[in-house]
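Please open the model in the viewer and keep the selection panel at hand. The tour proceeds by selection, one stop at a time.

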Amino acid sequence: MKYVLRVVQPNSARIMLLLTAYIANMLILLPVALGTMISSKWAELVVQSRLPVDSPFRILVGCLWTAILFCSAVGLFLPRQMVGILLLHIVYKSLFLGLVIFPLWRRRGRNAVPLGITVSFVLIVLIWPMILWVEFASS
């Protein structure tokens with residue numbers, strides 16, 4: 001971490017927000033990315049058995065999450081260059097919330113949606129744009 005802080009000192013307060021987002025991505029994705037890709041049992045835990053996990057799309061999601069995990073690790077060393085990964089998060093999570101989670105919630109109620117994914121997706125969709133705004137509005 002000392003190396004990362006030395007590399008990004010010029011705008012360190014703003015850069016720390018980006019680093020926080022990358023670290024949060026890694027902490028969230030580390031336990032779920034590879035597990036989702038490798039095991040349908042693990043994927044069922046991730047979605048709290050509320051969404052289907054028996055299709056090849058589970059592996060696709062695991063690959064996406066693993067790629068985001070890798071890009072977030074790179075973001076620790078190249079924080080401004082990797083902001084695209086935060087934009088990807090905002091877009092795909094917003095789409096998933098709007099097209100899957102919220103309609104499912106409306107039709108079948110709160111207990112039909114995976115609470116962990118829903119809460120983490122909503123928080124990221126609300127917080128990551130603010131981090132990007134702080135980083136680029138003052139540039």
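At what angle do helix α6 and helix α7 pack, and how far apart are their axes? To follow the answer in this predicted model, select residues 83-108 for α6 and residues 115-137 for α7. The two helices pack at an angle of about 145°, and their axes lie 9 Å apart. Viewed as a pair, α6 and α7 form a left-handed crossing. Colouring their contact by residue class gives 19 nonpolar residues, three polar and one charged.

Next, keep α6 displayed and add residues 12-29, which form helix α2. The axes of α2 and α6 come within 11 Å and cross at roughly 60°. The two helices are therefore oblique to each other, since an angle between 35 and 65 degrees falls in that class. The crossing of α2 with α6 is left-handed. To display this contact, select Leu18, Ala21, Tyr22, Asn25 and Leu29 on α2, together with Val83, Ile85, Leu86 and His89 on α6. These contact residues comprise seven nonpolar and two polar, with no charged residue.

For the last stop, move to the loop between α2 and α3 (33-38) and select Pro31, which lies there. Is Pro31 buried, exposed or partly exposed? Its relative accessibility is 42%, so Pro31 counts as partly exposed, a class that runs between 20% and 50%. Finally, select Gly75 as well and set a C-alpha to C-alpha distance: Pro31 and Gly75 are 19 Å apart in space and 44 residues apart in sequence.

Notes
Residues are numbered from 1 along each chain as its sequence is written. This is a predicted model: local features need pLDDT of at least 70, side-chain atom pairs count only at pLDDT 80 or more; totals for chains, interfaces and linings use all residues. Side-chain values use heavy atoms; hydrogens and water are left out. Axes are lines fitted to C-alpha atoms, for helices over the stretch in contact, and angles run from 0 to 180 degrees between N-to-C directions. Helices (H or I, at least four residues) and strands (E, at least two) are DSSP runs, numbered from the N terminus. A crossing is left-handed if the near helix is turned anticlockwise from the far one by less than a right angle, and right-handed if clockwise. Ala, Val, Leu, Ile, Met, Phe, Trp, Tyr, Cys and Pro count as nonpolar, Asp, Glu, Lys and Arg as charged, and the others, Gly among them, as polar. Angles under 35 degrees count as roughly parallel, over 145 as roughly antiparallel, 65 to 115 as roughly perpendicular and the rest as oblique. Contact means heavy atoms within 4.5 Å. Buried means under 20% relative accessible area, exposed over 50%, partly exposed in between (1.4 Å probe, protein chains only).
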